[in-house]
Amino acid sequence: MSAEEIRSRLKKLRQNMKEAGVTAYYINTADFHNSEYVNDYFKVREFFSGFTGSNGSLVVMNDEAGLWTDGRYFVQAEKEIEGTGITLYRMGEEGVPTIQEFIAEKLHEGDVFGFDGRTVTAAAGKGFKKIAKKNGFKLSIKEDLSEGIFERPDFPVSVAEVLTTELVGESVASKLKRLREKLEKEGAGSILLTSLDDIMWLFNIRGNDVQYNPVLMSYAYITLDKAILFVQKKAATMELRSVMDNAGVMLSDYGFIRKFLKNVLFDSGAVMLDLNQVNYSCYKQIKKRAEVIARRNPTEEMKAVKNPVELANMRKIYLKDSVALTKFIREVVTKVGKEPMTEMSASDRLEEYRREIPEFRDLSFTTISAYGANAAMMHYQPSHEREVELKAEHMLLVDSGAQYNGGTTDVTRTIVLGELTDEEKHDFTLTAISMLRLLNAKFLYGCTGRNLDILARERMWNEGMDYKCGTGHGVGYILNVHEGPQGIRWKALENEAVLEAGMDISDEPGVYKAGKFGIRTENILVVKQGAHTSDGQFMEFENLTIVPIDDKGIDRSIMTENELAQYISFQTFVYNTLKPYLSQEEAEWLKEYSGI
């Protein structure tokens with residue numbers, strides 16, 4: 001979309017704001033469930049800003065507008081909002097105000113700050129209310145000011161898919177029992193779940209209401225002796241009704257949730273709510289009528305620890321996925337410069353390899369296939385409309401993954417297509433070193449990801465370099481490719497999660513230099529118990545990703561003896577593991593490609 005078109009849309013939005021008496025209007029990237037990735041029905045912020053990244057918030061006033069996004073999207077956002085009149089606020093950068101600081105400075109007594117309370121979390125809404133009270137301005141949360149400008153597609157609805165206990169490793173009844181034990185322990189009589197992946201996990205169901213995320217639009221209300229699952233009528237198949245009935249779960253219509261919250265007695269005691277997940281409108285309804293226990297959803301923590309059945313399936317799936325990716329890499333490096341190839345055709349070809357795996361369901365996110373300088377945009381997306389030819393020079397960064405009956409994959413490799421500069425080779429090597437240092441970590445139980453982040457960042461920080469994002473995130477099981485509460489990052493977060501055995505997490509340091517190149521190497525790891533000594537229980541990682549690092553990008557002269565040993569050990573492990581699944585010709589290529 002053009003900058004002129006965005007300016008026209010903003011003009012219409014400002015007219016709606018004027019008629020509604022709203023001084024500043026806030027549009028975030030979320031649905032009614034605070035989902036990271038949303039259905040087209042909810043892409044209001046993208047419509048009014050032109051920014052297509054998955055994380056961004058827009059504040060519109062009469063004479064200015066600002067877009068806030070994180071370090072993954074600085075380069076992309078700058079390009080996409082150029083000429084729109086929107087100012088880019090780079091979150092976390094020195095001297096850049098937060099949205100809260102911005103509105104605290106701009107809004108005063110008599111002003112009105114508006115947002116759709118259904119798409120803003122309770123925590124954010126409470127924060128805005130606190131600023132409004134201090135500054136004397138009012139909040140307006142009931143109006144969707146995009147109406148009449150943004151033509152929404154149909155509301156997403158798909159048919160529920162019931163997963164077998166053999167595939168997921170635990171029954172609905174067992175999960176509900178464990179959840180209720182946690183509610184009792186916290187003194188809560190009930191919980192309202194609104195996060196879609198938590199609900200899918202708890203009830204062993206999946207859907208297709210958000211692209212790449214196998215979820216249904218849904219809510220769930222659980223007491224110590226009852227459970228109600230709110231889904232759309234089309235989703236409620238006879239199989240779903242039967243399975244839920246056997247598990248003691250009642251079904252209700254998705255659209256009934258607002259009336260339910262107005263009328264339910266809440267006679268079971270305090271209601272547990274995750275204020276970082278439940279939307280502000282739901283929170284306000286409940287807060288009027290019941291005591292609220294604010295706590296992270298127990299289901300988020302339960303879901304994060306994969307059970308033995310899930311882990312066994314994931315190991316099988318990651319092996320198959322790694323074989324497919326390795327064969328794809330071989331095809332790219334042997335054909336580039338000899339046959340026509342673009343970012344998009346490479347992305348399509350990788351998907352073909354994955355579709356040959358019997359358990360394949362879908363991709364887990366849009367493949368990032370970024371050539372040369374495009375890779376400096378961390379979440380760059382290729383397209384058929386702007387084909388970029390791959391040549392026998394520079395590098396191709398491919399960040400990709402898939403949904404399988406048996407796991408969700410996420411892996412990044414940067415593929416060397418020709419001769420590299422000394423700078424490129426240096427940074428490629430630093431990235432590999434950083435990934436392997438974290439992969440080989442041993443740490444005492446009780447550590448969070450913040451304790452470990454320095455292992456990945458230290459070599460880069462020593463040279464005054466940094467990647468503007470976290471090092472790692474959790475990965476769902478046949479669910480969202482990004483999940484919490486586990487993560488690896490250096491910045492302190494509220495309620496940081498201890499790394500528990502069974503949690504899976506990504507390990508993905510990188511180097512991104514605007515206008516030049518981008519490099520990322522990503523493996524998925526699983527936390528497991530290591531040695532138990534007189535000093536306590538030590539933990540370590542099991543590696544799931546079995547894909548080689550391109551040895552043509554490695555400068556061994558800047559590696560310490562230990563770093564070189566880790567590199568050779570990993571490359572040898574990959575070769576020995578994949579060899580039985582490759583032809584002799586492919587295996588010979590892999591040995592040379594791996595530099596062993």
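Which residue of β10 does Ile191 stand opposite? The points below work outward from that pairing in this predicted model.

1. Ile191 stands opposite Ile222 in β10. The pairing belongs to the contact between strand β8 (residues 190-193) and β10, which run antiparallel and are joined by 4 bridges.

2. β10 also pairs with strand β11 (residues 227-231), again in the antiparallel sense, and here the two strands share 5 bridges. Within this pairing Ser218 stands opposite Val231 in β11, and the connection from β10 to β11 is a hairpin that passes through 3 residues.

3. As for the cover of β10, which spans residues 218-223, 6 of its 6 residues are buried. In a regular strand the side chains alternate between the two faces of the sheet. For β10 both faces are covered, with Ser218, Ala220 and Ile222 buried on one side and Tyr219, Tyr221 and Thr223 buried on the other. Ile222, the partner of Ile191, therefore counts as buried, which means a relative accessible area under 20%.

4. A separate, open sheet is formed by 3 strands in the order β15-β18-β19, with antiparallel pairing. Its edge strands are β15 (360-363) and β19 (407-408), each of which pairs on one side only. Between β15 and strand β18 (residues 402-404) there are 3 bridges, also in the antiparallel sense, and in that pairing Leu363 stands opposite Ala402 in β18.

5. On the surface, a patch of positive charge brings together Lys142, Arg258, Lys259, Lys262 and Lys288. One of these residues, Lys288, lies in the loop between α11 (280-287) and β14 (292-294). Is Lys288 buried or exposed? Lys288 is exposed, because its relative accessible area is 70%, and the cut-off for that term is over 50%.

6. Glu586 offers a case of the opposite kind, being a buried residue with a relative accessible area of 15%. Its place is in helix α18, which comprises residues 584-594. The value of 15% falls in the buried class because that class takes in relative accessible areas under 20%. How many Å separate the C-alpha atoms of Glu586 and Gln566? These two residues are 20 residues apart along the chain, and their C-alpha atoms are separated by 24 Å.

Conventions: Residues are numbered from 1 along each chain as its sequence is written. This is a predicted model: local features need pLDDT of at least 70, side-chain atom pairs count only at pLDDT 80 or more; totals for chains, interfaces and linings use all residues. Side-chain values use heavy atoms; hydrogens and water are left out. Patches are made of residues with over 30% relative accessible area and no salt bridge: like charges are joined within 9 Å, nonpolar side chains (Val, Leu, Ile, Met, Phe, Trp, Tyr) within 5 Å. Accessible areas come from the Shrake-Rupley method with a 1.4 Å probe; for residues, only the protein chains shown count as cover. A salt bridge is a side-chain nitrogen of Lys or Arg within 4 Å of a carboxyl oxygen of Asp or Glu. Lys and Arg count as positive and Asp and Glu as negative; His and the chain ends are not counted. The place of a charge is taken as NZ of Lys, CZ of Arg, CG of Asp or CD of Glu. Buried means under 20% relative accessible area, exposed over 50%, partly exposed in between (1.4 Å probe, protein chains only). Two strands pair if DSSP finds at least two bridges between them.
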